[in-house]
Amino acid sequence: MPLTILILTGIKEELQGLLERHPFEFEKELRIYRSRKYRELYARTTGPGVSKKGEIQKVLEDLAPDVVICAGIAGILDEKDKVQTGDLLRIGAVIRQSNRVEYPGGPGRDRMITVDRPVHDILDKLDLATEFKARACDMEAAILLDMIGALPALARKTYVIMLKIAGDRPEDSSLYEYEHHTWGWDRKSLWQKARTALSFPAGPVACIRLIRHKKSATQALVRQMELLAFEIAKEQGVPPGMKSVFIPHR
């Protein structure tokens, strides 16, 4: 039986580039995208913080994926960190802030914390880095590990791969605080883009800088999703020595 592979991103912007570059078809029943080339490769969004939890639960139960790729942009916590936007993180542990549960993975040296809400303040980011010895934060990883680990059919057979790209840095906090104003930018008309930029709380120059910053990160994410997902689909296995691999045992 071919491996079933499921790519999950938090928001559509993180997935859109992959859908534009490769042939996928939309299946209405599960509200999911399915590759036309590799029929057991699927992709969809979870909503920020896995806000579509009921839908994702059904997808996991119905597909019973062998590999889940938890992909997205992660925020860097310490301004002294030299990692650049677009760099691939090597996640060796995921911690959920709300209950302090830690999920070990590996190999990989980077620790990532899953937060309940966006963190923009530089001091709040530094506090997270210090308290949890974390390098980055996201809003989905630990929640998905918990959901997958709670399903007996998946808990001992599903590999979860954290595919996280360095996104905003602490010095970019003033831009990303208003990121939600720019969601769906590529689907806006020229007039809508101009109106968004002019009404952007930090000003139009900051808006354009944010768009360019995000594009750099999402392009890097798409490249990594292509390399990983299609290699697994083609080779029918997780590459040996793969970093950021988790087995979500309960």
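**Stop 1: Phe 246**

Select Phe 246 and show what surrounds it. Leaving aside neighbours within four places in sequence, Phe 246 is in contact with Ile 91, Gly 92, Ala 93 and Val 94. Add Tyr 103, Pro 104 and Gly 105, which Phe 246 also contacts. Then add Leu 145, Thr 158, Tyr 159, Val 160 and Met 162 to complete its contacts. Keep in mind throughout that this is a predicted model.

**Stop 2: the largest nonpolar core**

Phe 246 is one of the residues with the most contacts inside the largest nonpolar core. Select the others in that group: Leu 6, Leu 60, Leu 89, Val 94, Met 112 and Met 162. The core has 34 residues. In soluble globular proteins, nonpolar side chains tend to be buried together.

Which elements give two or more residues to this core? Colour these: strand S1 (5–9), helix H2 (53–63), strand S5 (67–76), strand S6 (91–96), helix H4 (141–149) and strand S10 (159–166). H4 gives the most, with 7 residues.

Apart from this core lies another, of 25 residues. Select Ile 5, Ile 165, Leu 221 and Met 225, which are among them.

**Stop 3: helix H4**

Go back to H4 and select the whole helix. Is it mostly covered or mostly open? Mostly covered: 8 of its 9 residues are buried. Pick them out as Ala 141, Ala 142, Ile 143, Leu 144, Leu 145, Met 147, Ile 148 and Gly 149. Leu 145 is also on the contact list of Phe 246.

**Stop 4: helix H1**

Now select helix H1 (12–21). Its buried residues are Glu 14, Leu 15, Gln 16, Gly 17, Leu 18 and Leu 19. What covers them? Turn on S1, strand S2 (24–27), strand S3 (32–35) and strand S4 (41–45), then S5 and H8; the cover includes these.

**Stop 5: the largest pocket**

Switch to a surface view. The largest pocket has a volume of about 590 Å³. There are 27 residues lining it. Select the closest to its centre: Ile 73, Met 139, Asp 168, Tyr 176 and Glu 179.

H1, S5, strand S9 (136–138) and helix H8 (204–235) each supply at least two residues of the lining. Colour the lining by type. You should find 13 nonpolar, 5 polar and 9 charged residues.

**Stop 6: the second largest pocket**

Move on to the second largest pocket, with a volume of about 390 Å³. Of the 16 residues that line it, select those closest to its centre: Glu 13, Gly 17, Asp 186, Lys 215 and Thr 218. Gly 17 is also one of the buried residues of H1.

Two elements deserve a colour here. H1 and H8 are the ones that give two or more residues to this lining. Which element gives the most? H8 does, with 7 residues. By type, the lining divides into 3 nonpolar, 5 polar and 8 charged residues.

**Stop 7: Thr 182**

Select Thr 182. Look in the loop between helix H6 (173–176) and helix H7 (190–199). Thr 182 counts as buried because its relative accessibility is 0%, and the cut-off for buried is under 20%.

Show the side chain of Thr 182. It reaches the backbone oxygen of Glu 179 at 2.7 Å. Glu 179 is also one of the residues closest to the centre of the largest pocket. Not counting residues up to four places away in sequence, Thr 182 touches Glu 13, Phe 200, Cys 207, Leu 210, Ile 211 and Lys 214. Glu 13 was picked out at the second largest pocket.

**Stop 8: Val 115**

Next, select Val 115, in the loop between strand S8 (110–114) and helix H3 (122–132). Val 115 has 3% relative accessibility, so it counts as buried. Draw a line to Arg 96, C-alpha to C-alpha. The two are 19 residues apart in sequence and 6.6 Å apart in space.

Leaving aside neighbours within four places in sequence, Val 115 is in contact with Gln 97, Leu 128, Cys 137, Asp 138 and Met 139. Met 139 is one of the residues closest to the centre of the largest pocket.

**Stop 9: two positive phi angles**

Finish with two loop residues. Ala 64 sits in the loop between H2 and S5. Its phi is near 45°, a positive value in a residue other than glycine. Is Ala 64 buried or partly exposed? Partly exposed, with a relative accessible area of 25%.

Gln 236 lies in the loop between H8 and strand S11 (245–246). Gln 236 is not a glycine, yet its phi is positive, about 60°. Gln 236 is partly exposed, with a relative accessible area of 36%.

How values were computed:
Residues are numbered from 1 along each chain as its sequence is written. This is a predicted model: local features need pLDDT of at least 70, side-chain atom pairs count only at pLDDT 80 or more; totals for chains, interfaces and linings use all residues. Side-chain values use heavy atoms; hydrogens and water are left out. A nonpolar core is a set of buried Ala, Val, Leu, Ile, Met, Phe, Trp, Tyr and Cys residues joined through side-chain atoms within 4.5 Å. Buried means under 20% relative accessible area, exposed over 50%, partly exposed in between (1.4 Å probe, protein chains only). Helices (H or I, at least four residues) and strands (E, at least two) are DSSP runs, numbered from the N terminus. Contact means heavy atoms within 4.5 Å. On a 1 Å grid over the protein atoms alone, a cavity is a set of points where a 1.4 Å probe fits but cannot get out, and a pocket is an open set with protein on both sides within 12 Å along at least five of seven lines; lining residues have an atom within 4 Å of a point. Grid points are joined across faces, edges and corners, and a volume is the space filled by probe spheres set on the points. Ala, Val, Leu, Ile, Met, Phe, Trp, Tyr, Cys and Pro count as nonpolar, Asp, Glu, Lys and Arg as charged, and the others, Gly among them, as polar. A polar contact is a pair of N or O atoms within 3.5 Å; within protein, one must be able to donate a hydrogen and the other to accept it, and residues adjacent in sequence count only if both atoms are side-chain atoms.
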